[in-house]
Amino acid sequence: MKQTVMLKVDAQQPDSETIRVAADIIRKGGLVAFPTETVYGLGADAVNPDAVLKLFEAKKRPLDNPPIVHVANVGDVYRLAEQVTPEADMLMRTFWPGPLTLVFKRSAAVTDATVAGLGTIAVRMPQHAVALALIRESRCPIAAPSANLAGKPSPTSAKHVFEDLNGRIDAILDGGPTLIGVESTVLDLSGEPPLVLRPGGTPFEALRRVLGDVKLHPFVAAEKELPIEKARSPGMKHKHYAPKAQVIVVEGAVPAVRVKVKELAESYRLKGFKVGVLATDETLAAYEADEVKSLGSRFNLAVVAQNLFRLLREFDAEGVDVIIAEGVPSEELGLAVMNRLRKASGYNIVKAA
Ligand code: TXA
Ligand code: MG
C-alpha cells in the first residue's frame, strides 16, 4: 500500500508551492486531508464522482452518509443550491467563513455521488487559511468529511489523521492542531423552520439571536438512541465518535457527579479494568484512576471542546478499558461536547443525584 505524504504548512500563511502540490492531487481525483478551524477534513473534488467515491472507501464510511461540500466563495453556493433565500444569505454573511454548515435543496448541477442520492446538499465555508487556499487553488468545491476512519473520534491534528488513514489517502496538509475541536454546526434550511441537525462550533444561542425561528432536532440533545425514521440527517443513525474503550457519562450537579465518578472508577478498577477518568480542572484532584485527564475548566467550554477528541484518542493509546466522563453544561459549545460524549458512550448515561 502506498505511503501517505505529510506536507507541513503554516496555518496562517500557507506556502503557495505546498498548496499547489496538494491542489494537483485533488484535481487529479486524489484525496488530501487538510486542517479547518473545526477538525481535519478529508478532501476530494466535489464534482468528480469517482473521487467522491474514494472518500467513502478510504474512511470505510457507509455510502448513505454524504460529506459536506466546502467552498471558498459564496458564488459557488448559488450553483450547488436550488435556491438561496434571504435568510440563507444573511446566515452566510453573518457566520461565514466559519463553523456553520447549511443544508439546501440541491441544484440539478450536483451529481448523485456527492450527496449520496439525497435531494439536499450540505455546504460550508471554513475559516482556515490552508483550507481556503486549497479550495481556491483546486478550482473546485471540495467534498470533505472529517478525516477519521468511520466511527472514530474526529481528528484535531495531522497525527490523528495519519494514525487512521496512513496508506489509504495521498497526502496530509499538516497545519498544526485545530482551534475549535468539534465539527461544524449543521443547520437544515431545506424545510421550515430551520433545524439544527448536529450541534457544533457555531452555538445554538448564536443562531437563535439572528433567526426568528430555529429548532434543535430531537436527536441533538437525545439521552437515548432514537428510532432511525426520525433522523433527517443520515449521519445521525451511524455510530460516531466512539473510542475503543467503553465510555460512561456521569451527569448532574458537580458534587454529586464527583461522588458518582469516584464510585464507578473504584468499582471498575476492583473488577480489574484499566480505568480512565475524563474530568475538569475543578474536579481533577478528587479522582484516583489509572489515567485521569482534564478537559479544561468547566467555565471555559470552548477549551473543553478543543480537548475532547484528543483526550479520547489518548485514552485509547494508553489501552484504557473504561472511560468515565463528567458531563459539562449543555450551553454554548457544551451542547456539542455533550452530544459527542453521549454518542461516544452509546447513551450509557448515569444521572448522579
Ligand atoms: O466541521 C466539519 O463539519 C468537518 C470539517 C472537515 O469541515 N466536517 C465534517 O464532515 O464533520 P462529516 O462528513 O464528518 O459530517 C458531515 C455531517 C454528517 O452528519 C452528515 O450526515 C451531514 O453532515 N450531512 C451531509 N450532507 C447532508 C445533507 N444533505 N442533509 C443532512 N445532513 C447532511
Ligand atoms: Mg465525521
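Helices and strands in this briefing are DSSP runs, numbered from the N terminus, a helix having at least four residues and a strand at least two. The structure is a predicted model, and the points below follow helix α8, the nonpolar cores, the surroundings of Thr185 and some unusual backbone angles. Just after α8, for instance, Gly272 takes a positive phi of about 95°.

**Helix α8**

- Helix α8 runs over residues 254–270, and because each residue should add 1.5 Å, its 17 residues are expected to span 24 Å, which agrees with the 24 Å that separates its end C-alpha atoms.
- The residues of α8 that are buried are Ala256, Val257, Val261, Leu264, Ala265 and Tyr268, and they lie on the same side of the helix because they cover an arc of only 160° around its axis.
- A general property of helices helps in reading this pattern: an α-helix has 3.6 residues a turn, so residues three or four places apart point the same way.
- The other side of α8 carries Pro255, Val259, Glu266 and Leu270, which are exposed.
- The partners against which the buried residues of α8 pack are four strands, namely β12 (246–251), β13 (275–279), β15 (322–326) and β16 (349–351).

**Nonpolar cores**

- The largest nonpolar core has 68 residues, and within this core Trp96, Leu173 and Leu187 touch the most other members.
- Helix α5, which covers residues 129–138, gives this core its largest share, with six residues.
- Leu173, when its neighbours within four places in sequence are left aside, is in contact with Leu7, Val9, Thr18, Ile19, Ala22, Val32, Ala33, Phe34, Pro35, Tyr40, Val130 and Leu134.
- Another core, of 27 residues, lies apart from the largest one, and its members include Val304, Ala305, Leu312 and Leu333.

**Thr185 and its surroundings**

- Thr185 belongs to strand β9, which is made of residues 185–188, and because its relative accessibility is 1%, below the 20% limit, Thr185 counts as buried.
- A polar atom of the Thr185 side chain lies 3.5 Å from the backbone nitrogen of Gly201.
- Residues that Thr185 touches, not counting those up to four places away in sequence, include Pro99, Leu100 and Thr101, as well as Val196, Arg198, Pro199, Gly200, Gly201, Thr202 and Leu207.

**Cis peptide bonds**

- The peptide bond that leads from Trp96 to Pro97 is cis, with omega near -10°, and Pro97 is found in the loop between α4 (86–95) and β5 (100–105).
- Trp96, at the start of that bond, is also one of the residues that touch the most other members of the largest nonpolar core.
- The peptide bond from Glu192 to Pro193 is likewise cis, with omega near -10°, and Pro193 has its place in the loop between β9 and β10 (195–198).

**Positive phi in residues other than glycine**

- Ala116, which is not a glycine, has a positive phi near 50°, and this residue sits in the loop between β5 and β6 (120–124).
- Ala116 counts as partly exposed because its relative accessibility is 25%, which falls between the limits of 20% and 50%.
- Arg139 also has a positive phi, of about 55°, although it is not a glycine, and Arg139 is found in the loop between α5 and β7 (142–143).
- With a relative accessible area of 64%, which is over 50%, Arg139 is therefore exposed.

How values were computed:
Residues numbered from 1 in each chain as written. Chains lettered and ligands numbered in written order. Predicted model: local features only at pLDDT ≥ 70, side-chain atom pairs only at ≥ 80, totals over all residues. Heavy atoms only, no water. Expected span 1.5 Å × (residues − 1). Buried < 20%, exposed > 50% of the residue type's maximum accessible area, 1.4 Å probe, protein only. Arc of directions from axis to C-beta. Contact = heavy atoms within 4.5 Å. Core = buried A, V, L, I, M, F, W, Y, C linked by side-chain atoms within 4.5 Å. Polar contact = N/O pair within 3.5 Å; in protein donor to acceptor, adjacent residues only side chain to side chain.
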